[in-house]
Amino acid sequence: MADTATEPATPAAQFDPEMVRQVTKQPLVTNHRDFHWVTEKVSGIVEMKTPFWWWCAFVPAFLLMCCCIGGFAYLISTGVGVWGQNAPVMWAWDITNFVFWIGIGHAGTLISAILFLTRQRWRTSINRASEAMTLFAVICAGLYPGLHVGRVWMAWFLVPVGNANAIWQNFRSPLLWDVFAVGTYFTVSVIFWYVGLIPDLATIRDRAVNPVKKFLYGLFALGWRGGNRHWRNYEKAYLILAGISTPLVLSVHTIVSFDFATSIVPGWHTTIFPPYFVAGAIFGGFAMVLTLMLPARHMLGLHDLVTMRHVDVMAKIILLTGSIVGYAYIMEFFIAWYSQNPFEQWAFLRNRIASPLTHFFVVLFNQQGSAFDVPNAPFWWAYFFMMTFNVISPQVFWFRWCRQNLWVVFAVCMCVNAGMWFERFVIIVTSIANDFIPGSWGMYSPTWVDIMTFSGSFGLFLTLFLVFCRFLPMIAMSEVKGVIPEADPHFHPEGHHVSEDEPTVAMGGGIRQTTPTPSTGH
């Protein structure tokens with residue numbers, strides 16, 4: 001029996017280093033950073049002298065914002081005719097920009113609310129900046145519907161209050177639903193963002209030297225002292241707000257999609273729009289989060305807080321949602337063909353896809369002739385850019401080396417940002433440029449006011465984000481401290497062992513405190 005016994009496996013055979021490398025997860029905060037380092041790093045961004053690079057970014061963004069203000073002032077004083085709208089393209093860049101910015105604002109609430117409820121700990125380093133991005137994007141989005149009504153000073157008629165003209169709102173219109181949905185979303189997002197800021201504002205208050213800053217940060221910290229009762233109430237409020245915000249993530253862009261899906265316009269009346277719009281909003285929102293966080297990570301030295309693990313996970317989410325969006329594009333195309341509705345087929349063939357690059361699909365629709373009998377669609381280039389940027393470019397994230405290469409990630413995110421704008425342009429403009437009556441067909445082209453207000457909205461967005469990064473903690477210190485090893489009640493620093501005489505107490509927010517016993521005199 002002894003001769004037939006097998007020899008025990010060697011340690012080298014039992015443990016494969018490559019397997020261990022693949023199984024072991026990268027920590028959410030690298031280089032063994034502790035509580036003190038997190039506080040010093042995040043607070044130092046607010047307390048340090050304004051860096052030169054910040055001014056180099058802020059000045060162009062502020063000038064762009066001034067272009068936006070000037071363009072809107074000219075529009076209000078002259079009329080909406082200075083935009084490029086015409087008959088039949090009554091909705092153009094203004095509504096395109098509105099839907100684009102609303103979509104950008106979805107990732108922040110998803111990261112803060114849904115990922116919080118599902119206990120995704122990797123969200124802690126990016127949720128604060130994502131929430132701020134949500135608020136600034138909704139502010140940019142809200143400008144366009146208000147100005148599109150023509151008489152901005154009459155926009156308050158959208159609010160259901162009594163007035164001398166006996167005008168009442170049409171509650172069956174999805175355009176009015178937008179007012180309530182976006183308004184509720186913005187209000188809850190502001191409260192959610194502010195509640196999460198309170199513990200960190202108290203930290204900045206306690207460290208402030210300037211009495212004015214100390215007063216202002218203390219005012220907004222609401223008397224926070226970090227006691228057990230404060231943490232308990234804070235966590236209850238945060239959980240309730242996360243629960244309220246979660247359905248808003250799904251409902252807001254669903255209601256925005258109803259602006260189109262409830263109509264009878266070919267290219268708009270489709271039941272796939274609600275999930276399609278929500279997936280597209282998350283897709284574009286995460287791309288914008290990475291677009292902002294990658295430069296901030298480099299310029300502010302946040303490599304240990306916003307790690308490659310965060311980039312990798314967000315790239316996978318972009319790949320997933322991009323694939324869902326690609327499926328929605330294909331399903332739209334398939335239903336137009338399968339329904340045999342000539343108007344729906346016309347909207348896709350003659351307005352969107354007919355081009356020198358799509359002869360196969362033209363033949364599929366144009367059963368009675370060749371592809372060369374169909375002229376090129378007037379906006380085929382926009383459809384081409386949409387498909388390339390939104391469907392093809394994210395597929396590189398199937399490869400790990402692409403997700404680990406920051407230049408590739410940033411390039412794909414920029415493509416997605418552009419592609420999501422082209423998606424809204426394709427949906428809105430191409431569906432109504434050539435409608436049921438050939439006599440009313442017309443081409444759309446933007447005016448200088450369209451270009452100025454659109455580019456200026458990016459200036460407004462970047463200006464607000466830069467001011468936020470400069471004066472408020474852009475990383476949630478209290479939440480990041482909860483995911484580092486030191487927050488574990490059983491954590492023992494190297495060379496130190498906790499005895500029974502040194503009980504550990506796990507405080508709210510995941511911050512561990514050790515309460516030493518009184519000295520016994522020896």
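**Why the labels fit**

The structure, a predicted model, holds zero disulfides.

Reader: How do you know that C415 is in no disulfide?

Author: A disulfide needs two cysteine sulfur atoms within 2.5 Å. The nearest cysteine sulfur to C415 belongs to C413 and is 9.2 Å away, so the pair does not meet the cut-off of 2.5 Å.

Reader: Is C402 called buried or exposed, and why?

Author: C402 has a relative accessibility of 4%. Buried means under 20%, so C402 counts as buried.

Reader: And why is C415 called partly exposed?

Author: The relative accessible area of C415 is 24%. Partly exposed runs between 20% and 50%, therefore C415 takes that label.

Reader: What makes R207 and E40 a salt bridge?

Author: The side chains of R207 and E40 meet at 2.9 Å, N to O. The cut-off for a salt bridge is 4 Å, so this pair qualifies. R207 is in helix α8 (residues 174–207) and E40 in helix α3 (residues 35–47), 167 residues apart, and the pair links distant parts of the chain. R207 has a relative accessible area of 27% and is partly exposed; E40, at 34%, is partly exposed too. E40 and R207 also belong to a network of salt bridges with E47.

Reader: How many salt bridges are there by this rule?

Author: The count comes to nine. Among them is the pair of K316 and D312, with the closest N and O atoms 3.2 Å apart.

Reader: Why are K316 and D312 separated by about one helical turn?

Author: Because K316 and D312 are four residues apart in helix α12 (residues 308–338). Their burial labels are as follows: K316, at 42%, is partly exposed, and D312, at 10%, is buried.

Reader: What makes E423 and R424 a salt bridge?

Author: The N to O distance between the side chains of E423 and R424 is 3.5 Å. That is within 4 Å, so the name applies. Both residues are buried.

Reader: What is said of the phi of R119, and where does R119 lie?

Author: R119 has a positive phi of about 60°, although R119 is not a glycine. R119 lies in the loop between α6 (106–117) and α7 (127–148). Its relative accessible area is 55%; exposed means over 50%, so R119 is exposed.

Reader: Which loop holds Q340, and what is its phi?

Author: Q340 is in the loop between α12 and α13 (342–353). The phi of Q340 is near 55°, a positive value in a residue other than glycine. At 46% relative accessibility, Q340 counts as partly exposed.

Reader: How do you know that the span of helix α10 agrees with its number of residues?

Author: Helix α10 (residues 228–261) has 34 residues and should span 50 Å at 1.5 Å a residue. Its end C-alpha atoms are 50 Å apart, so the two values agree. Helix α10 also has a kink of about 30°, centred on L248.

Reader: Which residues touch the most other members of the largest nonpolar core?

Author: F286 and M474 do, in a core of 141 residues. Helix α11 (residues 273–299) gives the most to this core, with 16 residues. Leaving out residues up to four places away in sequence, M474 touches R128, A129, M293, A296, L300, L302, F468 and C469.

Technical notes:
Residues are numbered from 1 along each chain as its sequence is written. This is a predicted model: local features need pLDDT of at least 70, side-chain atom pairs count only at pLDDT 80 or more; totals for chains, interfaces and linings use all residues. Side-chain values use heavy atoms; hydrogens and water are left out. A nonpolar core is a set of buried Ala, Val, Leu, Ile, Met, Phe, Trp, Tyr and Cys residues joined through side-chain atoms within 4.5 Å. Buried means under 20% relative accessible area, exposed over 50%, partly exposed in between (1.4 Å probe, protein chains only). Helices (H or I, at least four residues) and strands (E, at least two) are DSSP runs, numbered from the N terminus. Contact means heavy atoms within 4.5 Å. The expected span of a helix is 1.5 Å times one less than its number of residues. The bend at a residue is the angle between axes fitted to the seven residues ending there and the seven starting there.
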